[in-house]
Amino acid sequence: MQLQIKTILNAIQHFPGFVYRDIRLGRELRGRGRTIEIRIEPHAGIPAKCSRCLQPAPGYDRLPERSWQFPPLWGLVTWFLYAARRVNCAEHGVVVEHVPWSGGKRPVTIAMMCFLSRWARRLSWRETARAFQTSWECVYRSVEWFVQWGLAHRKLENVESIGVDELHWGKSQRADNFLTVIYQIDGHCRRLLWVGKRRTQATLRRGLKELGPQVVGGLRFVCTDMWKPYLNVIAAQAGQALHVLDRFHITTHLNQAVDQVRRAESGRLRAIASTRAAQLKDMRWKLLRRGSRVRGRARDRLNALVASKLATARAWILKETFAPFWKYKSLTWAGYFLDDWTWRALRSRLEPMQKVARMLRSHRSLLMNWFKAKGEISSGAVEGLNNKIRVVTRRSYGFRTYEAMEIALYHTLGRLPEPEQFAHKFC
Ligand SMILES: [Zn+2]
């Protein structure tokens with residue numbers, strides 16, 4: 001008794017109504033590689049099904065043989081060969097039959113698309129194509145199919161908190177190089193819900209529309225930056241939700257302000273050849289980290305800088321003294337703290353810090369919402385997802401188009417469901 005490939009195929013992927021007929025070792029058209037060709041025949045006793053309604057229908061004629069690429073067996077490129085029938089459906093007329101391993105017009109089986117898609121999460125698309133002897137285009141189209149299947153089958157229930165953010169990708173600063181992303185940031189599920197080009201009101205409106213009125217109406221918390229177009233749309237469309245300016249974004253603004261002060265001052269000191277310029281050299285990361293996390297020799301340099309009368313030192317102190325704000329339990333005390341801090345920042349004569357202070361002051365009520373939502377939303381969720389997006393967009397070096405990158409983002413961060421019957425057997 002010999003184990004046959006047919007037996008294995010039937011065990012891992014059996015299609016009712018079809019049988020694996022003969023399996024041969026072939027040769028690639030060009031080149032000297034070997035291939036495996038698996039010829040499939042319809043089961044004599046089972047009628048074909050209409051591809052549109054999936055109902056059995058009488059046969060009409062047969063089309064010429066086509067091939068579909070299957071996951072490679074023993075490293076050999078493997079093909080399914082089959083001549084599809086056309087059926088005469090009572091409802092749809094003469095149409096091609098339903099071919100269960102085929103996901104459309106492309107010469108790739110669903111199993112292969114799932115196989116490539118799963119590997120495309122671990123390797124870059126280019127590496128995936130090389131590893132499995134196929135093209136970048138084939139990997140791209142496979143992931144695209146996989147993502148579209150996932151988006152069509154995902155469930156958008158219990159979405160209570162979302163984070164909306166804008167991200168930059170690529171090199172240019174054109175409007176098209178910004179993305180609007182909508183994340184779900186609930187404790188039980190963190191994922192990318194939607195991504196779209198640009199960061200305008202229209203973009204966010206389009207995103208919310210695609211999520212649907214049920215999702216938008218069910219929101220309890222929305223986390224955003226102080227980006228005006230988003231504030232407007234959220235207020236108009238998700239008025240019932242508590243709108244929170246989150247810690248991560250405020251911290252980013254403070255850090256940027258400190259950095260601006262440092263750069264300007266460093267330039268000024270170097271221009272007059274001051275010896276104090278050395279104090280600001282290589283200090284960028286030491287200044288931007290949370291103060292309590294700077295240790296060792298870096299700490300000594302930071303302490304020396306803080307003791308100086310430099311503007312950078314004053315900016316850094318302002319940034320650091322804002323941190324306790326997030327720890328308050330009482331709304332009233334947090335409010336006093338905020339007013340006191342903004343008052344000091346406005347008197348600091350440091351233009352970038354004053355700018356942050358004015359911004360915080362004009363968004364005071366949204367900022368105070370942080371305390372109303374306390375414990376219910378995670379401050380790190382948006383930041384964490386943003387970092388993951390950066391990994392993908394950086395790997396996206398090979399992505400030639402925005403569309404390809406968008407698909408890669410849904411693929412890696414969307415937590416999309418997968419067509420299990422095809423996906424789980426091969427990797
Ligand atoms: Zn039909």
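**Aromatic pairs**

I began with the rings: a search of the whole structure, which is a predicted model, gives 24 aromatic pairs. I picked out phenylalanine 322 and tryptophan 341, whose ring centres lie 4.8 Å apart with their planes at 70°. Planes over 60 degrees apart count as edge-to-face, so that is the label I wrote down for this pair. Next I asked myself which helices the two rings sit in. Phenylalanine 322 belongs to helix α11 (residues 311-322) and tryptophan 341 to helix α12 (residues 331-346), so my note says that the pair links distant parts of the chain, 19 residues apart. I also checked burial, and phenylalanine 322 and tryptophan 341 are both buried.

Elsewhere I found a cluster joined by ring pairs. Its members are Phe15, Phe18, Tyr20, Trp68, Phe70, Phe80, Tyr82 and Trp101.

**Nonpolar cores**

Phenylalanine 322 turned up again when I looked at the largest nonpolar core, which has 122 residues. Trp125, Phe322 and Phe325 are the members that touch the most others. I then listed the contacts of phenylalanine 322, leaving out residues up to four places away in sequence: Ile250, Leu254, Phe337, Leu338, Trp341 and Leu360. Another core, of 6 residues, lies apart from the largest one, and I noted Ala57, Val87, Cys89 and Val95 among its members. For context, nonpolar side chains in soluble globular proteins tend to be buried together.

**Zinc site**

Cys89 led me on to the metal, as this residue is also one of the zinc donors. Which atoms hold the zinc ion? I read off SG of Cys50, Cys53 and Cys89, plus ND1 of His92, at 2.1 to 2.3 Å. The angles among the 4 donor atoms run from 102 to 115°, and the site is tetrahedral. Along the sequence I see the donor spacing C-x2-C-x35-C-x2-H. Cysteine 53 is in the loop between β2 (34-42) and β3 (59-73), and histidine 92 is in the loop between β4 (76-89) and β5 (93-96), so this pair ties together parts 39 residues apart in sequence.

**Charges over rings**

I looked up two arginines here. Arginine 122 lies over the face of tryptophan 119, 4.5 Å from the ring centre. Arginine 199 has its charged end over the ring of phenylalanine 178, at 3.8 Å from the centre.

**Threonine 251**

Last, I visited threonine 251, in helix α8 (residues 247-271). Is this residue buried or partly exposed? Its relative accessibility is 34%, so threonine 251 counts as partly exposed. I also took the C-alpha separation from threonine 251 to leucine 208: 27 Å, for residues 43 apart along the chain.

Note on methods: Residues numbered from 1 in each chain as written. Predicted model: local features only at pLDDT ≥ 70, side-chain atom pairs only at ≥ 80, totals over all residues. Heavy atoms only, no water. Donors = N, O, S within 2.8 Å, 3.2 Å for Na, K, Ca; no water. Tetrahedral: all angles 85-135°; square planar, octahedral: opposite > 155°, others 65-115°. Helix = DSSP H or I, 4+ residues; strand = E, 2+ residues; numbered from the N terminus. Core = buried A, V, L, I, M, F, W, Y, C linked by side-chain atoms within 4.5 Å. Buried < 20%, exposed > 50% of the residue type's maximum accessible area, 1.4 Å probe, protein only. Contact = heavy atoms within 4.5 Å. Phe/Tyr/Trp six-rings, centres within 6.5 Å; stacked < 30°, edge-to-face > 60°. Lys NZ or Arg CZ within 6 Å of the ring centre and 35° of its normal.
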